[in-house]
Amino acid sequence: MMKKVALQTNFNIYEKANCAVSVIDHLQKLGCEIYVAVQNRERVQRLVRNRRGLRFVPYSALCRGVDLLVVLGGDGSILEGTRLASPEGVPVVGVNLGRLGYMAEIEMDELNLLDGIIRGNYQVDERSMLKVEILRGGSQEPAAVAYALNDAVITNGSVARLVDLELCEGGTVLSTYRADGLIFATPTGSTAYSMSAGGPIIDPRQRCICVTPICSHSLTARPLIFPDDAVLEAKNICEREKMLYLTVDGKANFELRRGDCVRVVRAERTTKLLRVKERSFYMTLRQKLSGGK
C-alpha cells in the first residue's frame, strides 16, 4: 500500500488549488501522508481543513522517500513532475487539468481511481528518456547535462530564421540541415512537437530515438528513426547566427555557440507512469487527439 504521496500543482492558480484540496482530502481519507513543496505551505494551510498528515519539504526533495507523485495539471505539469520523480524511481500519476492531458491517467471526476492505486492495483508504464549533453570546444566532457521524457529541440530561439546543423551518429556524419531547427524525440515525445513538425507517431513500447527537422529548406530532409543505443550528435555549424538554443522538455534552456555539439543518447533512468484504465496507446491517441477524453 502506498502511504507517502507527494502532490504537485500550481497552487497560485485558483482552480488548480481547489482541485488540489479535493485530492488531498481524498488521499487523507485513504490514510496517506501528503507531501507538498514548502513554498506552498501558507496557501495550503489556508485551504485545507485537516492539516494532520500534511508534510512540507523543499521542492527539490519532494520525491525523496515517497511512494507516489500525483501531478495535477496538463502534460507540461507532468513533464515537470517527472524531472523530480525519475531520478528517485518514483512512479507518477497525472490528474488532468489541462487542455489535452495526453499523459494524464485520471480526470477530476475520477478520483475514486486513486483508491486502487493506493492499494496497489495498477500497471506500470515505463517510458524511456533521453540524456542530453552539451559538448564545447571539442571536449568530450559535457558542459551541461539534462534529461528529457519528451524531446530536446535546437532552434534559433524566438527569431524565425534558418540555422545550419550537422547530424552525426557514432561519429559518422549523416546529414546537414538548413532548417528552423531539429527535434530529438522519445517515443513518448513523438506525439508532441515532433508530430506537429511532421514526425511519425511511435508506440511508446518501441525502443528508438526520432530525429525530426523543423521546416527544413530541402526536398529530401525527412524524419529519421534510430535504435535507442545510437549515439547522436548535432553540431552547430551556423555561420550567420552568434547563438542557437537547446530546449529540453520545453523547460530547461541552454545556449549553443558555434562549434558546440549536442550529444543525445538513451538515459539509464526511466519515467514510470501508472495506469489503471483498460485502454491501449492507440485508443488514448484517438480519444485525446480527436478532442475527446
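**Close-ups of the cysteines and the nonpolar cores**

**View 1. No disulfides turn up anywhere in this predicted model.** A search through the whole structure comes back with zero of them. Cys-63, for one, is in no disulfide: the nearest cysteine sulfur belongs to Cys-32 and sits 15 Å away. Cys-63 itself counts as buried, at 2% relative accessibility.

**View 2. Cys-168 and Cys-261 don't make a bond either.** Cys-261 has the closest cysteine sulfur to that of Cys-168, but the two are 6.9 Å apart. That is too far for a bond, because a disulfide needs the sulfur atoms within 2.5 Å. Cys-168 is buried too, with a relative accessible area of 10%.

**View 3. Here's the largest nonpolar core, 30 residues in all.** Leu-7, Leu-27, Leu-68 and Val-70 have the most contacts inside it. At least two core residues come from each of β1 (4-8), α1 (14-29), β2 (33-37), β3 (54-57), β4 (68-73), β5 (92-96) and α4 (113-118). The top contributor to this core is α1, which gives seven residues. As a rule, nonpolar side chains in soluble globular proteins tend to be buried together.

**View 4. Zooming in on Leu-68 shows who it touches.** Skipping neighbours within four places in sequence, Leu-68 is in contact with Met-2, Lys-4, Val-5 and Ala-6. Its contacts also include Val-90, Pro-91, Val-92 and Val-93. Ile-117, Ile-118 and Leu-274 complete the list for Leu-68.

**View 5. Apart from the largest core, there's another one, made of 28 residues.** Among its members are Ala-148, Ala-152, Val-163 and Leu-182.

Technical notes
Residues numbered from 1 in each chain as written. Predicted model: local features only at pLDDT ≥ 70, side-chain atom pairs only at ≥ 80, totals over all residues. Heavy atoms only, no water. Core = buried A, V, L, I, M, F, W, Y, C linked by side-chain atoms within 4.5 Å. Buried < 20%, exposed > 50% of the residue type's maximum accessible area, 1.4 Å probe, protein only. Helix = DSSP H or I, 4+ residues; strand = E, 2+ residues; numbered from the N terminus. Contact = heavy atoms within 4.5 Å.
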